[in-house]
Every structure is written in structure tokens, then in C-alpha cells.
Amino acid sequence: MIKGGQVHRQIVFILLLVFTFGTTLGSGQHNQSDKKHQSGQSSEHKEEGFDPGEMIIDHIIDSHEWHIATIGETHITLPLPVILYHNGEFQFFWSSKFHHGHSSYKGYRIYDQEGPLKGKIVYEKPNGTLEKPLDLSITKNVLAIWISIILLLLVFGSIAKRYKRDPYRAPKGLQSLLEPLIVFMRDEVAKPAIGEHKHQKFMPFILSLFFFIFFNNLLGLIPIFPGGANVTGNIAVTGVLALFTLFTTLFSGNKHYWKDIFNTPSVPWWLKIPVPLMPIIETVGIFTKPFVLMVRLYANITAGHIVVLGFMSIIFIFSNMEPAYGFGASIVSVAFAIFVTLIELLVAFIQAYVFALLSALYIGMATAEGH
Amino acid sequence: MELVNPGFGLIFWMIVSFGIVLIILGKYAWRPILNSLRERERSIDEALLSADKAREEMKELKANNEKLLEQAREEQDKILKNARETSDKIIEDSRNKANEEANRILETAREQIKNERQAAMSELKKQIASISIEIAEKILIKELQSPENQKKHIEELVEKIKIN
């Protein structure tokens, strides 16, 4: 399974390279002043040209509003609360005040120029300098996380009730769908990685990780509200998940684990004294492991979304040349998009599994007793 | 660039949300689920083991039953054989006894008949003798009524004696 995942990951990586290249080209050609218009919908871009790069990025990044559909010139969006902490006070207002990024409110606006501030809320002082307030807004991804959490609690709350009520009965319904996954995570992931006795303490963490990622991966594949937010393809989300793994590893690390890091056994002494080369490498290793976890999940999910959106873009690129081409391209594009989405279903599981498996392995390393 | 530029707000809310999820799911979902999974596995294991044991016991019981049945059959055969022997013996005995009794009765009867006959014979003899005497007396009386006859008779007698 891991091997298949690697092969697939390589394919996705190549596609990602191709499309990243494509998007940078697209962005480069685009006139900066046209970019005030913030929407990925093609219908209104027909006159001014369709930019697949911008459309794709718009679909996979976080946003202060949840765009559901555009009919003609009207955007159907779910406005989300903006929470800012600026100059010692909190500001609360709905993101609809920005009018899809076209206007500013109380001096705050969504920065739309290229650069590290793009897409962030900035405060423009009367003299023209920009300040960046602390943005604690309930963004699209935060809402999507909460929706997935409500789903998780509903699903697992209901099956936990059944487990509590009659633990000796055979599983049924939702329970029989999820029990194999729970048992799989316990018997194939946690037990071999952490050990027969110690795995119980970490099971809740590993199961939560796995199902949180799995649910969000699947929700991310649904193109319409309440799915569609690119939660697990957001580096902040995967970073926080990796951070939880890092802290779990650090806090559960035993004496043996720390000794291995600062005084690595079976390594020549001159790698430790006078220059502590091995301890430095091992210490860096503590942080590279969760970093890799973060990047792997983020890149896989984002790549999948980019590929699907790329195939969708092809339709509009061709139809911009000649509508008939668009129809022709749509057949191929939709077929490929369906194919990639099916692979994404597989990836949704594999990545959740890999994240949980590697977290379990890191925890196992930290709690292992001797060799 | 926006792709790898995480927003602070999202990081903050993610930490809070995932932390809460960990606590709530850990307490109200994973613990009961894992506990009852373990409990169920244990009970299934036990049930299988006890079923195995029961099967073993059943086999033993069956073997015992077979043995008992065999014993009972042997016992029955023995009892039947004994009974047959006993009844044969009883029949034989009673037959013998009956024969003996019959013989004895016959013997006694024969003895009695003999005795009776002897008694009857002697009686008959006695009677014949007395009857003969009587007849002889009567004849003698008739014969010897005349004196010549008496004389004749005496002479005959004397004649006989002389011969002797």
C-alpha cells in the first residue's frame, strides 16, 4: 500500500510540477491591475481572459468568505465573521463588508497585490502605510474544520453509544463500517509501531488524527458546500497536526530516547566530541520528522486538487479560443478529472493512514525500551 | 506563495479545535469504543475457549456413555445367561424331583399292591383251607355216615400204611 502511494505520489509530484509551472506562467502574463476582481469563475472572465492559475489558487487557499456559486454576475457566498486584534482592541464584523474584496471597511481591506501579504487583511493608515492586524477570523477553513468536527462527533458519538450499550453484540450499520478501520488502526498501526502494552495510551490520539484527516480529505473532495474547503491541503492545518505529533513525541519520550539523541550509541566518539555533530543531526531530526509529515499531507492533497482544477481549466482555456473546442475538451477533461478524483479517494485514505502510521512510529521510537 | 503562507488565525483555531476534538473524542468516543472492543474480543475468545472445552467434555461424556452402555450390555448378557441357566436348572431339578417322586410313588404303590396281594393270597389260602376243611368235613361226614364205608375207609388207610 505504501509502495503504491509512493508511485502515485511521484506521479502527482510530476503533475504538480507541470501545473505549478503553468500557474506561474499564467500569473506572469496577467496584468496586475485587473486582479481587483477576485473570483475564479470563468463565465465573467470570458471577455477579459481566463487565468487558470488564479482560478486554481482561489479554489485551494483559505478565504474570508465561502464562495458557493456564481450565477451571471452575482456571487452566492457565505459571509464569515472577521475577528481582528489591532492596536489593543478587537474588531468584529462580517466579511460581506469587504464586498468580495472590492472595498475596505474601517480602513481594513483584503490585500490584493502580489507578495507575502496577498489575501491577508491589512489596515491602511491615512498616510498610506500598511499595518497587519492579528487576524483571528473564522475563515472558510476554520468553518470547514468545525463542520468536520461536528461530523466526527456525531458519527463517533453515535457509534460509541452503541458500543457502550451492548459491547458484546456484533457491530451494525455505521458501526460495522468504521469498526474495521478502528481495529485496523489499532492492530496494524498502533500495536506494531508502539508496542502491545503502550499503544493503548496513544490510541485516542492516533485514531483522532486518522479520522480527522480522513474525514477532511473526503470532505475536501466534495465540490460544493459544506465540503470543498481545502482543509488538509492547507499548510497551517497539516502543520498543527504535525505539531501535535511533535509534542506528543517530545512529552512521551523516555530516558532512552533522549539518550539516543544526545549520546547516540554505536557511533564513533569523534562524531560527538569535540563537535557534537550527531546530537545536532538528531536534534534537527526531531523537527524534520513532523515537518515532513506536514509537507507530505499538504502537498498530496493540494496536488490532487490542483490536478482536478487543472483539467477543469482546460475546458475554459479551449472554450475561450472557440466554444466548440471547449465542448470537445470537456469530454476528455471530465474523464480525466473523474479518474483523478477516484485516485484522490484512494489518496484520502492513504494519506490519513500514512500520517497516522508515521506519527505512531515516531511515538513508538520515543517510547521504545532499548534495542 | 499564498499556498505556503499560513494564516495565524487558522493555526490558532486549528490548535484550539483539534485540541478540543482530541479531548472530547478521547473521552466520549475512543475510550468506550476501544474498551468495548477489547471487552468483546475477550468475551469472544472466552466463548471460543469454553466451546472448545465443552466439545472436549462432550466427547469424554460420549466415550463414558459408550463405555457405560457396553458395560450395561455385558451385564445384561450375563444376567440373561444366568437366568437362563437358573431356569434350566430349576426345570431340570423339578423334572428330576418329579420323576423321583413319581418313581417313589410308583414304588410305594407297587409295594402296597404286592403286600395287598400277599395279604389277599394268604387270606385266600386261609379261606380255601377252611373251605376245604369244611368241604372235607362235609364229605367225610357224608361218607362216613354208613358203618361199611367207615370200615372200608379205614382199611384203605391201613392198606396205605402197610405199603409205607
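**Entry 1: helix 5 of chain A against helix 1 of chain B**

I began where the two chains cross, and found that the axes of helix 5 of chain A and helix 1 (residues 8-143) of chain B come within 9 Å and cross at roughly 115 degrees. I note at the outset that this is a predicted model. Angles from 65 to 115 degrees are counted as roughly perpendicular, and helix 5 of chain A and helix 1 of chain B are therefore entered as roughly perpendicular to each other. I also looked up the handedness, and the crossing of helix 5 of chain A past helix 1 of chain B is right-handed.

Next I listed who makes this contact: from helix 5 of chain A come A:Met203, A:Pro204, A:Phe205, A:Leu207, A:Ser208 and A:Phe212, and from helix 1 of chain B come B:Phe18, B:Val21, B:Leu22, B:Leu25, B:Gly26, B:Trp30, B:Arg31 and B:Leu34. Sorted by class, the contact between these two helices holds eleven nonpolar, two polar and one charged residues.

**Entry 2: the whole contact between the chains**

I then widened the search to the full contact, to which chain A gives 44 residues and chain B gives 34 residues. On the side of chain A that touches chain B, at least two residues each come from strand 8 (134-135), helix 3 (140-165), helix 4 (174-194), helix 5 (199-221) and helix 6 (235-252) of chain A. Which element of chain A supplies the largest share of that side? I found that it is helix 3 of chain A, with 13 residues. By class, the side of chain A that touches chain B divides into 30 nonpolar, nine polar and five charged residues.

**Entry 3: helix 4 against helix 5 within chain A**

Since helix 5 of chain A had already come up, I looked at its packing with helix 4 of chain A, and read that their axes come within 10 Å and cross at roughly 125 degrees. That angle makes helix 4 of chain A oblique to helix 5 of chain A. Helix 4 of chain A passes helix 5 of chain A in a right-handed crossing.

For this contact I wrote down A:Ile182, A:Met185, A:Arg186, A:Val189, A:Ala190, A:Lys191 and A:Ile194 from helix 4 of chain A, and A:His199, A:Phe202, A:Met203, A:Ile206, A:Leu207 and A:Phe210 from helix 5 of chain A. The classes here come to ten nonpolar, one polar and two charged residues.

**Entry 4: chain A as a whole**

I counted nine helices and eight strands in the secondary structure of chain A. The domain assignment gives domain 1 (81-137) and domain 2 (140-367) of chain A, and I noted that their C-alpha centres lie 32 Å apart. Of the 371 residues of chain A, 37% count as buried. Among contacts in chain A between residues at least 6 apart in sequence, 64% join residues at least 24 apart.

**Entry 5: two buried places in chain A**

I checked helix 2 (residues 52-60) of chain A and found seven of its nine residues buried, so this helix is largely enclosed by the rest of the structure. The buried ones are A:Pro52, A:Gly53, A:Glu54, A:Met55, A:Ile56, A:Ile57 and A:Ile60.

Last, I turned to A:Val347, which lies in helix 9 (residues 323-367) of chain A. Is A:Val347 buried or exposed? I entered A:Val347 as buried, because it has 22 C-beta neighbours inside 10 Å, and the cut-off for buried is 20 or more. A:Val347 and A:Asn217 are 130 residues apart in sequence, yet 8.5 Å apart in space, C-alpha to C-alpha.

Technical notes: Residues numbered from 1 in each chain as written. Chains lettered and ligands numbered in written order. Predicted model: local features only at pLDDT ≥ 70, side-chain atom pairs only at ≥ 80, totals over all residues. Contact = placed C-beta atoms within 7 Å. Helix = DSSP H or I, 4+ residues; strand = E, 2+ residues; numbered from the N terminus. Nonpolar A, V, L, I, M, F, W, Y, C, P; charged D, E, K, R; others polar. Buried ≥ 20, exposed ≤ 12 C-beta atoms within 10 Å, placed from the backbone. Axes fitted to C-alpha atoms, helices over the stretch in contact; angles between N-to-C directions. Parallel < 35°, antiparallel > 145°, perpendicular 65-115°, else oblique. Left-handed = near helix turned anticlockwise from the far one by under 90°. Domains from an automatic or database assignment.
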